[in-house]
Amino acid sequence: MNVAVRKRRKNSLSSPPPLAGEVDARSAAGGGSFAQSEEEYAPSLTLPRRRGRGRTERVATPSPDPADLLAWYDRHRRALPWRARGRAKADPYAVWLSEIMLQQTTVKTVGPYYAKFLAKWPTVDALAKAPLDDVLRAWAGLGYYARARNLHACARTVVERHNGIFPDNIEALRALPGIGDYTAAAVGSIAFDLPAVPVDGNVERVVTRLYAVDEAMPAAKPEIKRLAASLLPPHRSGDFAQAFMDLGATICSPTKPACSLCPWSEPCIARVRGDQETFPRKAPKREGKQRYGAAFVALRADGQGSVDVLLRRRPEKGLLGAMTEVPGSDWAHDFDRKSALDAAPFKAKWRKLAGDVTHVFTHFPLRLTVYVADVPRGEAAPKGARWAKVSGLAGEALPTLMRKVLAHALD
Ligand code: SF4
């Protein structure tokens with residue numbers, strides 16, 4: 001008998017199985033786990049009825065109890081740099097900063113960036129006063145750069161409209177730049193204990209398994225939100241939100257979930273059926289169409305032993321907005337490589353490098369051909385571009401794609 005079963009609370013056993021926990025189970029998927037289920041659920045729950053090969057069966061489970069998750073969290077919570085310790089109150093600035101950084105990014109990657117931001121700008125007021133370029137530079141490498149621009153705009157808005165204090169209601173949080181439903185719920189619940197459940201990928205995974213949500217993503221999102229909200233306890237909303245996230249991040253992993261350690265092992269329908277890893281259901285993936293382009297790395301010896309490289313700033317709006325790049329062509333499906341040099345910043349002896357630089361954005365893969373030219377010392381930067389020291393590239397707001405291009409050209 002597993003840990004979850006041993007620690008099962010008596011009142012959970014005595015509750016009648018709810019209709020919401022009844023699902024159709026495929027006998028092929030669930031057959032292996034019914035022997036275990038019989039032992040676990042006897043005598044209080046309705047056992048699955050076998051109806052013969054290829055036919056469906058009913059599986060009854062108790063409702064997930066939020067108290068079980070909170071008790072688990074009290075013992076196993078992750079120590080994260082932005083998380084308040086013990087019963088201390090969370091800092092809304094720290095919560096907001098971490099939540100923006102964690103979107104589409106792992107905890108491990110975010111750690112050093114979070115520390116750097118907090119050391120440079122310890123308050124929302126300090127961040128609001130920083131030049132956008134400094135913020136973009138500090139953000140470089142985290143990806144999804146619109147988040148950095150919104151981060152800065154949000155800090156300014158909090159200072160200008162709310163006297164530097166994050167508002168403590170969901171609607172006002174939702175009205176801030178870069179804050180959507182998820183972030184408003186995360187900041188609201190974690191920082192202010194507001195009754196909201198932030199539903200991220202981890203929570204989606206747990207909920208779809210708990211309830212065996214058959215609808216594919218992303219169409220299932222409203223149902224997942226509804227089910228997650230139905231679990232919200234009357235107190236400790238912030239801890240509940242973080243517990244939900246921790247469960248998905250540490251126990252209910254995409255593959256090989258550690259169900260024997262899960263506080264919701266008993267009510268989890270997917271565990272009973274044995275098909276946990278098939279959730280969340282995925283719609284067939286539609287690959288973005290491949291795009292192509294050219295990037296131009298112009299190098300100029302400065303006469304004092306160091307080398308400059310030509311850089312420019314991308315347009316404010318759009319992909320990688322306001323980030324730094326080397327000059328290049330547009331990126332298109334039907335990019336004509338024969339006329340690539342038309343996009344060069346000036347006439348020079350451009351050498352095409354062997355091997356392209358590839359990069360995958362969320363909605364399309366990109367392949368860039370890289371050209372390099374050594375230009376005379378007096379060569380002026382064309383309008384909109386500037387010369388920057390190669391030795392200082394680490395401090396430039398270069399997105400990962402451009403770092404790849406420069407590494408390819410300078411290696
Ligand atoms: S029992 Fe397993 S699949 Fe179900 S929520 Fe827990 S870890 Fe996830």
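Two strands are said to pair if DSSP finds at least two bridges between them. The exercises below use this idea and others on a predicted model.

**Exercise 1. The strands around β8**

Find which strand a hairpin joins to β8, and through how many residues; then work out how β3 and β6 run relative to β8.

*Solution.* Begin with β7, which covers residues 357-360, and β8, which covers residues 365-375: these strands pair in the antiparallel sense over 4 bridges. A hairpin of 4 residues makes the connection from β7 to β8. To see the pairing residue by residue, place Val357 opposite Leu368 of β8, and then place Val360 opposite Pro365, which also belongs to β8.

Turn next to β3, which pairs with β8 in the parallel sense over 10 bridges; within this pairing, Val297 has Val372 of β8 as its bridge partner. Finally, take β6, residues 351-352, which is joined to β8 by 2 bridges and runs antiparallel to it, with Lys352 standing opposite Tyr371 of β8.

**Exercise 2. The surroundings of Val360**

Decide whether Val360 is buried or exposed, and state how far its C-alpha atom lies from that of Gln290.

*Solution.* Locate the residue: Val360 belongs to strand β7. Then count its neighbours, since a residue is exposed if 12 or fewer other C-beta atoms lie within 10 Å of its own. Val360 has 11 such neighbours, and therefore it counts as exposed. For the distance, compare the two C-alpha atoms: Val360 and Gln290 are 70 residues apart along the chain, while their C-alpha atoms are separated by 9.2 Å.

**Exercise 3. Helix α14 and the residue before it**

Check what the end-to-end distance of α14 should be, and what it is in the model; then examine Arg236, in the loop between α13 and α14.

*Solution.* Start from the length of the helix, remembering that the expected span is 1.5 Å times one less than the number of residues. Because α14 has 15 residues, it should span 21 Å, and its end C-alpha atoms are in fact 20 Å apart, so the two values agree. As for its surroundings, α14 is mostly covered, with 13 of its 15 residues buried.

Arg236 is found in the loop between α13 and α14, the latter comprising residues 237-251. Although Arg236 is not a glycine, its phi is positive, at about 60°. Since 18 other C-beta atoms lie within 10 Å, Arg236 is partly exposed.

**Exercise 4. Unusual backbone angles**

Identify which residues are joined by cis peptide bonds, and describe the backbone and surroundings of Asp193.

*Solution.* Look at the omega angles in turn. Met217 and Pro218 are joined by a cis peptide bond whose omega is about 0°, and Pro218 lies in the loop that runs between α12 (201-210) and α13 (221-230). Phe279 and Pro280 are likewise joined by a cis peptide bond, with omega about -10°; here Pro280 sits in the loop between α15 (269-273) and β3 (291-301).

Now move to phi. Asp193, which is not a glycine, has a positive phi near 60°, and this residue is found in the loop between α11 (181-192) and α12. Asp193 counts as partly exposed because it has 18 C-beta neighbours inside 10 Å.

**Exercise 5. The shell around the ligand**

State how many residues surround the ligand, which element gives the largest share of them, and how they divide by chemical character.

*Solution.* The shell holds 14 residues, of which Cys252, Cys259, Cys262, Cys268 and Gln276 are the closest. Two elements, α12 and α15, give two or more residues to this shell, and the largest share, 3 residues, comes from α12. Sorting the shell by character gives 10 nonpolar, 2 polar and 2 charged residues.

**Exercise 6. The whole protein and its confidence**

Describe the overall make-up of the protein, and find which helix has the lowest mean pLDDT among the elements.

*Solution.* Count the secondary structure, which comes to 16 helices and 9 strands. Of the 411 residues, 36% count as buried. Among the contacts with a separation of 6 or more, 70% are between residues 24 or more positions apart.

For confidence, note that the mean pLDDT is 85 and that 86% of the residues reach 70 or more. Among the elements, helix α3 (residues 27-41) has the lowest mean pLDDT, 27, whereas helix α7 (residues 124-129) has the highest, 98. Over residues 1-57 the pLDDT is below 50, and this stretch has 80 contacts in the model beyond near neighbours in sequence.

Terms used
Residues numbered from 1 in each chain as written. Predicted model: local features only at pLDDT ≥ 70, side-chain atom pairs only at ≥ 80, totals over all residues. Buried ≥ 20, exposed ≤ 12 C-beta atoms within 10 Å, placed from the backbone. Contact = placed C-beta atoms within 7 Å. Near = placed C-beta within 6 Å. Nonpolar A, V, L, I, M, F, W, Y, C, P; charged D, E, K, R; others polar. pLDDT = per-residue confidence, 0-100.
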